Amino acid sequence: MNTATNLPPDSEAKDPFFVLRDCRELFQQRLVEAVRESGIDSPAALRAFTKAIGESYDELVAAKQRGGFDQTHGLTASRITLMCDSDLELEIRIGEITRRLAAAGGNDLWRVHLRYMTLLRRTDLAPSENPVGPETIGPGLWAVCKADNVGVEGSIERLAVLEEQLLQRLPGIYAELNELLASRKVELAQTQIVSAGGTRPTGPRAASGGANGAADPFAALQELLNRQTGSTVAGGGDGGGVGVGGVGGGGSGLATGFAGGAGDNMALGAATLVMLRQLAERLDQLELSGAGSSAGGAAPADAEVPPPRTLKSTDLGVALGQPEAVALDTLSLIFEAIFETWELPDTVKTAIGRLQIPLLKLALFDATLFSDVSHPARRLIDGMARAAVGLPRDIGRAHPVSMRLWQLAGTVAEKLHGDSAVLDAPLAILDAPLADLDALIADRDRDVIAAAQPYISLLKDKERRDQAALAARRWLRAIEEQGVAPAILDFLQHHWLRVMEAACLEGGEAGHAWQRDHATIADLLWSTQPKQSPEERKSLAGMLPHLLQRINDGLDRIDEPAEARAPFFDAFFTLQTAALHGATAVPPPPAPAPPPTGTVTATDIVVDILDIDGRLLKTLSLADPSAAAWRGPDAPVQAGSWLQFTMADGETLCGLACWLSPQFGGVLLFNPDWGYAVAIAPAVIEQQLREARAKIESSRSVFDTAADRALTRLRDA
């Protein structure tokens, strides 16, 4: 029956007495129909159910504001009696069913509750005191269990089939009640939180500025949303106010903000807290139904989890433009942007999504969430994202990091469940989860660094060879400056340079091997110079056999094949013969080098792959290492940072900086999911950071980034 089309006479249409009567009759009628459809047709059970529902309804309609012992969430003082074990079991079952029915009621139940606040003129009406709420159904369920003496097992069976039927029917019943109340012009109560004026805060970071003078995007987003929705905040002429953090970064929550300026008006302060609790209880109901998150913490790790969705103020029946609506919608935009963050694995987004309702509730009581960038709740979101940096996007719930994040989110959701916990110590509640999160991050980073140790050894060994090669090139440049015959220079570049590298590896530039092999080339150069006196020619003739032996010994140490030595020795004998005759010979020039296959600039990235015992180390450096020298302690990336960067082929990777070279500043990046390690020269990192092809993920606030993204989207809308 469409109740809106069966209006009573005008004399009764808006009379609260008749509205309450008609709602009672409709509520009883629809519930009795649900009981019959569940298969319970005993006249005694149906009469008992109808009577219990009516009495419970009447009791709640007639009730005044309760407090203390009488306000026990549906278990009124008149119902507290001594129970036997079987009754206690039924009480527990019925309590569980009532909570699930509250979650199933959805938005229509919340709207009916707001209309009953108006109808009963009860601004303090809690959801558990709603005359047509699930709490009213509880006594009816008791009556059905007791009516026919079916025993505990029979009662439990009855409750099971009743719950199934009620869960299906209840949303429609509340939609019909909402239509009836609307047709009688019963308006939704506005859950506006009245707050006193005040000055803008000077907290850790107000909305007017943030770290390094940058504006806090979260506060800016809130302020823009406030302007677009036309929210007004009571306050002084400076535009400041408390409201939801004063909409400009207030330092106190809605509840405490009012109390701080309400003076002696304690009744109004109590009403404010009641309204806050009403919103919190509605959020609790949404949390039980899974709205705004995903499967609960008890879901199997391998279960398929639906993507999270955001909640808006309209889901709570809060009118747009009210301060609390701005608070809720600001956070909703933040979570929406977090859910769209590409780098975060989907399972981690869903774990973060489990915190949406607890943080929405927290925002109602603690407005420092909007003004303090170091707020524990914001640190919690950032920490969860930090713990997942570098993970593959397709990891499942069973991944160790994902499992720990889900457990942590479940713990936080449980601790923030219920407004009393939020009011008592909202920030202290997050201390333990934040400590667990820090431990998770430290454990994961430590495990990655431990797994990278073999690659660090490879890189250290490679850098020793690179250092030796650099010393050998410096030595060669000094020789070239003296003026050397082309044939000798070709020999030094292609053969003896490697001898000098091996000598440096053996003992450094001050070692015996280096001095010995340097002296050999010094004698070689002297031997090719024209000899004018008999003494010089005699000395040259005497040293040649020993010099040739020293040259061969050096080439033997680098395993140079005999056929590769022949062209040099042919040119060498030509030069020696000319020198003995006091002339300078012109040996044939070496064969020209093949032309380069492509054009390489100094800033092109060169990739080198080192494979030792199945371990791959890929190095990225500039074609010309001197194009950008390392600046020592000003390295762009520090050890312990997660860096997202781009390989030469365009692939994007994210790895942990496990080691920084003290000599060259190179960074070894590792991620267990790669199967290899990457060493990047500091010049390459600087180039990519400058061109936005790299970013340091571990120092990024996903919360602020999401706020900035949401702010941009809102401005462009």
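The following exercises, each with a worked solution, concern a predicted model of a protein chain.

Residues are numbered from 1 along each chain as its sequence is written. In this predicted model, local features need pLDDT of at least 70, side-chain atom pairs count only at pLDDT 80 or more, and totals for chains, interfaces and linings use all residues, while side-chain values use heavy atoms and leave out hydrogens and water.

**Exercise 1. Confidence**

Determine which elements have the lowest and the highest mean pLDDT, and describe residues 1–5 and 65–83.

Solution. Step one is the term itself: pLDDT is the predictor's confidence in each residue, from 0 to 100. The chain has an average of 76, and 71% of the residues score at least 70.

Step two compares the elements, where helices (H or I, at least four residues) and strands (E, at least two) are DSSP runs, numbered from the N terminus. The lowest mean, 38, belongs to helix α9 (residues 254–261), and the highest, 96, to strand β5 (residues 667–670).

Step three turns to the two stretches. Residues 1–5 stay under 50 in pLDDT and have 10 contacts beyond four places in sequence; contact means heavy atoms within 4.5 Å. Residues 65–83 are also below 50, with 25 contacts in the model beyond near neighbours in sequence.

**Exercise 2. Helix α3 and its surroundings**

Compare the span of α3 with the expected span, then name its buried residues and elements that cover them.

Solution. The expected span of a helix is 1.5 Å times one less than its number of residues. With 20 residues, α3 reaches 29 Å from its first C-alpha to its last, close to the 28 Å expected.

Next, buried means under 20% relative accessible area, exposed over 50%, and partly exposed in between (1.4 Å probe, protein chains only). The buried residues of α3 are A45, L46, F49, A52, I53, G54, S56, Y57 and L60. Their cover includes α2 (16–37), α5, α6 (134–147) and α7 (151–183).

**Exercise 3. Aromatic pairs and charges over rings**

Classify the pairs F17–F18 and Y57–Y116, and find which residues lie over the faces of W406 and Y676.

Solution. Rings of Phe, Tyr and Trp (its six-membered ring) pair if their centres lie within 6.5 Å; planes under 30 degrees apart count as stacked, over 60 as edge-to-face and the rest as tilted. The whole structure holds 10 aromatic pairs. In one of them, F17 and F18 are 5.2 Å apart centre to centre with 85° between the planes, an edge-to-face pair. F17 counts as exposed because its relative accessibility is 56%.

Y57 and Y116 are also edge-to-face, at 6.5 Å centre to centre and 85° between the planes. Because Y57 lies in helix α3 (residues 43–62) and Y116 in helix α5 (residues 106–120), this pair ties together parts 59 residues apart in sequence. Both Y57 and Y116 are buried. Elsewhere, F491, W496, F568 and F569 make up one aromatic cluster.

For the final step, a charge sits over a ring if NZ of Lys or CZ of Arg is within 6 Å of the ring centre and within 35 degrees of the ring normal. R397 lies over the face of W406, 3.7 Å from the ring centre, and K618 lies over the face of Y676, 4.1 Å from the ring centre.

**Exercise 4. Strand pairing**

Establish which strands pair with β2 and with β3, and whether the residues of β3 are buried or exposed.

Solution. Two strands pair if DSSP finds at least two bridges between them. Strand β1 (residues 605–612) runs antiparallel to β2 (residues 615–622), joined by eight bridges, and I612 stands opposite R615. Their hairpin has two residues between the strands, and D613 in the turn has a positive phi of about 55°. On the other hand, β2 runs parallel to β6 (residues 677–680), with four bridges; L617 has A677 as its bridge partner there.

Strand β3 pairs with β4 (residues 652–660) in the antiparallel sense over five bridges, and W642 has L656 as its bridge partner in β4. Five residues lie between β3 and β4 in their hairpin, where G650 takes a positive phi near 95°. Two further bridges join β3 to the antiparallel strand β7 (residues 695–696), in which I696 stands opposite L643.

Finally, five of the five residues of β3 (residues 642–646) are buried. W642, Q644 and T646 are on one side, and L643 and F645 on the other.
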